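Load the model in a viewer with residue selection and distance display at hand. The tour goes stop by stop, each with a selection and a note on what is there.

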Amino acid sequence: MKIDLHLHTHRYSECGCAGPEEMLEASLAAGLDGVVFTEHHTYWPEDELEEMRERFPSLLILSGVEITTPEGDLLVYGNRRLSGDLEGTPMMQVLAETCGDEFFRAVAHPFRYDRSLEHYDLLSGIPFDGVEVASSHTNEPEGRLASRLAADRGLVKRKIGRASCRERV
């Protein structure tokens with residue numbers, strides 16, 4: 001099953017350059033089986049998710065959230081109960097609020113803004129569950145560093161897609 005686990009739309013994320021219908025159509029055209037909308041600091045309302053599911057019944061459509069922390073962005077999947085707006089909250093605090101079997105937390109594009117050894121060491125000490133190693137906004141050196149971080153942590157390598165424009169699906 002192929003699922004894009006990091007998808008933005010302009011409905012809820014400023015960096016999204018296409019609407020949800022366009023992104024879902026592009027996802028189908030790309031041969032995906034599902035998507036997870038991971039808008040910045042916003043879960044999709046369940047009624048809007050249900051509307052998209054009715055319009056695109058062959059796609060699995062879920063909602064996670066991308067949270068900006070001082071240490072970088074964190075993708076959170078699973079239980080939708082978070083205590084308020086966590087934008088700018090330290091990553092360790094976000095992880096503490098999203099621990100347990102009902103959550104999966106992955107660092108998003110971990111080396112997009114900082115490829116220093118200090119940043120690598122910082123992330124190496126944070127107990128997240130996954131690492132985004134490739135996306136439409138990750139270049140090769142960033143992907144290699146992310147892959148190394150995942151390998152050093154003993155994590156299984158999986159591509160977490162990231163699309164914000166239908167051309168990037």
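**Stop 1: Ser13**

The side chain of Ser13 comes to 2.9 Å from the backbone nitrogen of His40. The model is a predicted one, and the distance should be read as a value from that prediction. Select Ser13 and follow the backbone either way: the residue sits in the loop between β1 and α1. Is Ser13 buried or exposed? Its relative accessible area is 3%, and because the cut-off for buried is under 20%, Ser13 counts as buried.

Now add His40 to the selection and display the C-alpha atoms. The two residues are 27 apart along the chain, while their C-alpha atoms are separated by 5.6 Å. To complete the surroundings, select His8, Glu39 and His40, which are in contact with Ser13 once neighbours within four places in sequence are set aside.

**Stop 2: the three-stranded sheet**

Select residues 3-7 for β1, 34-37 for β2 and 60-63 for β3. These form an open sheet in the order β1-β2-β3, with parallel pairing. The strands β1 and β3 are at the edges, each with a single partner strand, so one side of each has no neighbour in the sheet. On average, neighbouring strands here are turned by 15 degrees against each other, direction ignored.

Which residue of β2 is the bridge partner of Asp4? Display Val35 to see that partner. The parallel pairing of β1 with β2 runs over three bridges.

**Stop 3: the helices across this sheet**

Keep the sheet visible and select residues 20-29, helix α1. This helix lies across β1, β2 and β3, and runs at about 150 degrees to β2. Next select residues 46-55, helix α2. Helix α2 lies across β2 and β3, at about 165 degrees to β3.

Within α2, show the side chains of Glu48, Leu49 and Met52, which are its buried residues. They cover an arc of only 100 degrees around the axis, and therefore lie on the same side of α2. The general geometry is that an α-helix has 3.6 residues a turn, so residues three or four places apart point the same way. The buried residues of α2 pack against α1, β2 and β3. Turn the view to the other side of α2 to find Asp47 and Glu54, which are exposed.

**Stop 4: the four-stranded sheet**

Hide the first sheet and select residues 65-69 for β4, 72-78 for β5, 103-108 for β6 and 130-131 for β7. This open sheet has the order β4-β5-β6-β7 and mixed pairing. Its edge strands are β4 and β7, each pairing on one side only.

Start at the β4 end. Strands β4 and β5 pair in the antiparallel sense over five bridges, and a hairpin joins them through two residues. For a reference point, display Thr68 together with Asp73, its bridge partner in β5. Four of the five residues of β4 are buried, so the strand is largely enclosed by the rest of the structure.

Then move to β6 and β7, which pair in the parallel sense over two bridges. Here Ala106 has Gly130 in β7 as its bridge partner.

**Stop 5: helices α4 and α5**

Select residues 117-124, helix α4, and show His119, Tyr120 and Leu123, which are buried. Why are these on the same side of α4? They cover an arc of only 100 degrees around the axis, which puts them there. The face turned away from that buried side carries the exposed residues Leu117 and Glu118.

Add residues 140-152, helix α5, against which the buried residues of α4 pack. In helix α5, pick Glu142. At 6% relative accessibility, Glu142 counts as buried. Leaving out residues up to four places away in sequence, Glu142 touches Phe111, Arg112, Arg115 and His137.

**Stop 6: two cysteines**

Finally, select Cys15 and Cys99. Cys15 has a relative accessibility of 34% and counts as partly exposed. Cys99, at 45%, is also classed as partly exposed. With sulfur atoms within 2.5 Å as the criterion, the count of disulfides is zero.

Methods: Residues numbered from 1 in each chain as written. Predicted model: local features only at pLDDT ≥ 70, side-chain atom pairs only at ≥ 80, totals over all residues. Heavy atoms only, no water. Pairing = 2+ DSSP bridges. Axes fitted to C-alpha atoms, helices over the stretch in contact; angles between N-to-C directions. Contact = heavy atoms within 4.5 Å. Buried < 20%, exposed > 50% of the residue type's maximum accessible area, 1.4 Å probe, protein only. Arc of directions from axis to C-beta. Polar contact = N/O pair within 3.5 Å; in protein donor to acceptor, adjacent residues only side chain to side chain.
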